Structure formats: C-alpha cells, structure tokens
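Let's walk through a few local details together, one question at a time.

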Amino acid sequence: MRLLLVEDDPMIGESLGEGLRAECYAVDWVRDGQDAELALAGFAYDLMLLDLGLPGKQGMEVLRATRARGGDLPVLIITARDGTPARVEGLDAGADDYLVKPFDLDELLARVRALLRRRVSRTRSVIVHGALTLDLASHEATFEGEPVKLPPRAFALLRILLDHPGVVLSKRQLEDKLYAWDSEVESNTVDVYVYQLRKKFGADFIKTVRGVGYKLPQLP
Amino acid sequence: MKTMRGQLLLGLLCATLLCVLGAGASLYRSLLEETNELADLQLRQLAAALPNEFAPDTGMPLAQDPEEMFVLQAWDDAGRQLTISPDKPQLPRYAVAGFAEVTVFGQAWRLYGETRRGRYVQVAQPLDVRDDLAAAMALRAGAPLLLFALILALLIAVVVARVLAPMARLAQAVAGRSADALAPLPVQDMPPELRPVVASLNGLMHRFDEALQAQRSFVADAAHELRSPLTALKLQLQLVERADSDAARGEALRKLHERLDRATHLVRQMLSLARHEAALTDGQLKTVDLGRALEAAVADHSALADSRAIDLGVVAPGEMGKVDKVEIEADPDALQVLLNNLIDNALRYTQQGGTVDLQAGLEAGRPLLRVSDNGPGVPVQYRARLFDRFYRPDGNDAWGCGLGLSIVRNIADQHRASIVIDAADRDSGRGLCVTVLFPAASATV
C-alpha cells in the first residue's frame, strides 16, 4: 500500500512517516501543494493524508484539483482546523475523512485501514481467502488455523494481492505499492517475496503471468 | 462633584430667587418713596385744613383711618397746647417750619409744623406706619410676582430635565453595553455639544474593539499554533512506546526531546510576546551601553554559531558615528530579548559557514542596533509581513514559531524605536539587515 503524506511541518511529517512505515505502508512525504500535485500525477497512490495549511498551494486546492480530475483516491485530511465549517468544507470538497490535530497515532492508523478497506468494499479488517486469514490491524496471518510468521514486506505484498483477487498486477505496479521513493528497490525483491509466500501457502497460491506479473487466482 | 442637573437647578433657582427679591425690594423702595411723598402731602394738607378757630377737644375727621396715625397738635401764641387728637400720644413742640424727622418714644416720626396766625400747628406721623403701608402695598403688588417666580422655577426644572435628557440617554446607551458590543453610538441623534463626546467615545470603543479583536485573533492563532508541536510530541511519544529495540527507542527519545524543545520554545516566545506588549515603567529604564549589550549577546550565542560554523561578531560603527560608547535609556532585559531574537533568526536562516555581523552606533543622533547576515535574505514582497505573528516565509527548512520578529517589534515599540529591514547586499538582494533605530531622545550621551 502506497500512501502520499502531504504535511509541511517537518516534525509531524517525520514522526507520522515513521509511524506509517512501521505498519508496512510505503510512504511518500511531500511538504507543499505543488509537490503533492506532482506526486499524484506520477503514481497511483492508495491513499492521501492531506494537511490543509500548506505553503504555496493550500491543501483544499490540492483536494479540489484531485477530485476535479476524477478518481476515487481516498483522502484523509489531517489539520489543526477544528471548526465545524472547516470539517464540512473539507468533507464536501471530497475528503473521505477528517482528523484534527493533535490526534492519536492508533486512531490515524485505524482510519487509514478503514479507508483502504472501504476502497475494496470490505467492512472488516480481516481478510479471509480460502484457508488463509489476514488480520490487518494486528498484522497476523493464519493458514489452516496455524499462525504464520511473515516478514513485513511479504505481508504487505500478500495484502495487495488479496485486495485484487483475479487481477493481474505487474511487477512494476507491485513495486510502486511496496516502496516509497526514498527506499531502495532491490531488483527481484517482488520475486523473492512471492517465493516466500509460495513456500508458506503452496506453489499454486500465486500464479505467474509470464512477461507481465502475478495474480492471485480467484477461489471457486 | 455635584450633578450638572443639580448645579443647573440650584443656580437657576437661586438666580430666580435673587431676581424676585431684587424686584420686590425695588418695588418696596419705589412704593415707600411714593407713600412718603403722598403722606407728606397729606401732612401738609392736614395742617392746612385745620380750622382757624377750634375749640379744644374737637374731634378731627381724620380719625377714620387709625392706621395712618396722624397726631395733630396746636399751640396758641401763648404756648398753650390745644389738644386735637386726644387719644394719640402727645409729641413735644418742635417749632419747625416745614418737615422734620424726630425720634420720640423710641419711634421715628415725620412731622410738619407751621405757624399760622400766631398759632403753631404740628402734624406728625410715625414712619413705621408709612413703612408698613409701603410693605403691604408692595406685598399686594408683588404677590403675582411670587406666583410667576414659582411657575418660572417649575419651567426651569422641566427645561433642565429636557435639555439633559440626551446625557441620560447617552449614559444609558453606554452603561447598557457589554464588552462585546462595541458598535459605534449614533452621533446624529445627539445635540451638537454632545457630539464631540460621542465621537470620542466611539473612537475609544473602536480602538478598544481593535485591541480586543487583536487579542482574540492572537488567542485563536496561539491555540492553532500550539496544535502542531503537540501533534508532533504525541506522535513521537507513541513511536517511543512502539520502539522494538533499545537503539530505536534511544533515537525516538532523542526526537521526542527535540519536539519538546520546540513546544517549549513556542510557549516561551508567546509569553515573551505578551510580556513585551505592555508599556514600560520608569523603574524598568536603565542606562544601557549598546556595545556591551552586543558583546554579551555574542557570548550567549557563540555556541550556537559555532555549531553552525557561522562567524558571529561585532563590527565597528564605521563612518556613521565616531563615538566610543553609545548609551541609551532602555529596559536591559527587553533589549537582551530583542537582540537574542534578532541573532537567533540570523543564525537560523544563514547557511553553514556564513557570517552574522552585529553593530551599535549613532545615525543622525539616533542610537541604533544592527544585525546583518549574508544568508539568503527575504524577498521584498515578504518583508512587510515578517512582523506578523506566526508568519513564516515559505520554503524555509529551519523551524521557528514565527514570533521572533513580532517580539522584536513589540520591544521596539516599547522603546519608541523604529525597525528598518533591508537586504544586507542591496545589489544581489541577499542577506538580511535589521536595524533598530532608537529615538534621539533616549541617548544619554
């Protein structure tokens, strides 16, 4: 899952980025409106965390421009503006949720999960796929009733695949969702994680689409 | 102080009373004069009217008016008294020819005497009678005057109340206001004399309203600005809790301290801003040597300057003022805060290896402090806003709370000093040069 964090405050941005990365989200952090627009034009993000008070281009402008271009990118506003009119304006402009600073990191993470879940029309933070159960909040996976230990990135990859069952995802798409700009992408890492997952859940768990990428076969 | 209504009523009623008394007195005087003339005439006529021959004890027809109390007497040429008014007090023979005033029986009398055909005739009347007569007449004539005076007093009371009604309305309008409702009072409804008062009141309320708005917006701004450091603190605290290794925890704690320092800095700056908003008292003013103040400031900031490899130092006043020492009357603590903020800013926004120069001197008789750097400077369009609270120019990596220059401005205002912001290098527009110009009067040399 790749998130765009738009926050001008260096300290909040740093801490928030750290908190999100610890949950295995790939986070791109930009500090003003222009950079946010550039980032949005370049990548397909799964969610945007948007501060409203930004230098240069205001957060609301970024939000309106994003909605004007269409697309259903979930947007969570994080701002110090706590007035009801500001909340109404933000939500009416197309934000999916609104969180007032100072907020609790756990609450923010829960809201992020809720928004991502809504995107793939799930109502619970637990994904069940055959004998596999994935708890997104606690980061625990169980296979045939037994807990399975997964490295964070493998967990993240599994989650991406589970969100799009039956859809072919290119290696490039998977990499984009797994890694932020600032992290080094080693070649074949996606292959390595796919190998790890197959080892745990069986060779047929993930299908290779030759020359394109991978897909999770839809269960009958 | 007495009420205006009371003073007006008292003054006007006293004036009315004085006028009535004066009118009464002058009426009485003129009536007395008239009475005297008439009575004198009467005396003469009585004397003349005495029959040439009359027997003693002949009643006189004049007795019909006992109030006027005429005493008629006659003496024959042998000096024997011929009593005419038997039941009246008998006066001695004065033997005057014409009018005279005498005092008999402790009473002032007016008498007329003449000698006719050998007989001396004397007619006398007590002056009291005349006075009483005049007083009675004056009272009769003056009674309507008193009534008019009473009506006048009532009218005065009504007029005073009517004239003063706008004052009462104004007082009510002002008293009925809360500190929130500071809309101007209507000026047009007021009499011209009160308009300047209402206009001044409106002006005062306007200034008060502005100050109140400024205060409110500051509180709102402050509440808003406090959220960011608090958010950063809370997030970092939660990251500390989540740290899974000692190394990670140590690093997270270091960052937590950083964020706490920032929150502390913000609160300190807000307090400093508020503290330097009030005017200085004479007790706070001391003689301050600006050169010394600069040296102390350099010593305070040398560690920070070293950490950023910035050359911080004092430069000679140069050609602008060949003086050994510049001393001003100032609050030394406030001046130190001012310098600290200016130097902090310069150190914060100047690149590593830069230079920050401090200068104290005189310019056209005005003492000045100058802090200039060779950093990136501030574009002209942002300079006016630099003094706004919580204003941070875009695109700065250094964190600050945007209050430093607001504090500097407040302290400068306290000392009636002006601040000039310019580029240190005017050709390239680079570097920031802040000059605080104190009024010439504050110099002690």
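What follows is a short Q and A on this predicted model.

Q: Which residues of helix 7 of chain A are buried?
A: Helix 7 of chain A covers residues 171–178. What covers its buried residues includes strand 1, strand 2 and helix 8 of chain A. The buried ones are A:Leu174, A:Lys177 and A:Leu178.

Q: Why do the buried residues of helix 7 of chain A line one face of the helix, and within what arc do they fall?
A: An α-helix has 3.6 residues a turn, so residues three or four places apart point the same way. Looking down the axis of helix 7 of chain A, the buried residues line one face because they fall within an arc of 95 degrees.

Q: Which strands stand at the edges of the open sheet with the order 6-7-8-9 in chain A?
A: That sheet has four strands with antiparallel pairing. An edge strand here has a single partner, so one of its sides is left without a neighbour in the sheet. That picks out strand 6 (126–129) and strand 9 (146–148) of chain A.

Q: Which residue in strand 9 of chain A stands opposite A:Thr142?
A: Strand 8 (residues 140–143) and strand 9 of chain A run antiparallel, joined by three bridges. Opposite A:Thr142 in strand 9 of chain A is A:Pro147.

Q: Is A:Cys24 buried, partly exposed or exposed?
A: A:Cys24 sits in the loop between helix 1 and strand 2 of chain A, and its phi is positive, near 70 degrees. Buried takes 20 or more C-beta neighbours, and exposed 12 or fewer. A:Cys24 has 17 inside 10 Å, so it counts as partly exposed.

Terms used
Residues numbered from 1 in each chain as written. Chains lettered and ligands numbered in written order. Predicted model: local features only at pLDDT ≥ 70, side-chain atom pairs only at ≥ 80, totals over all residues. Helix = DSSP H or I, 4+ residues; strand = E, 2+ residues; numbered from the N terminus. Arc of directions from axis to C-beta. Contact = placed C-beta atoms within 7 Å. Pairing = 2+ DSSP bridges.
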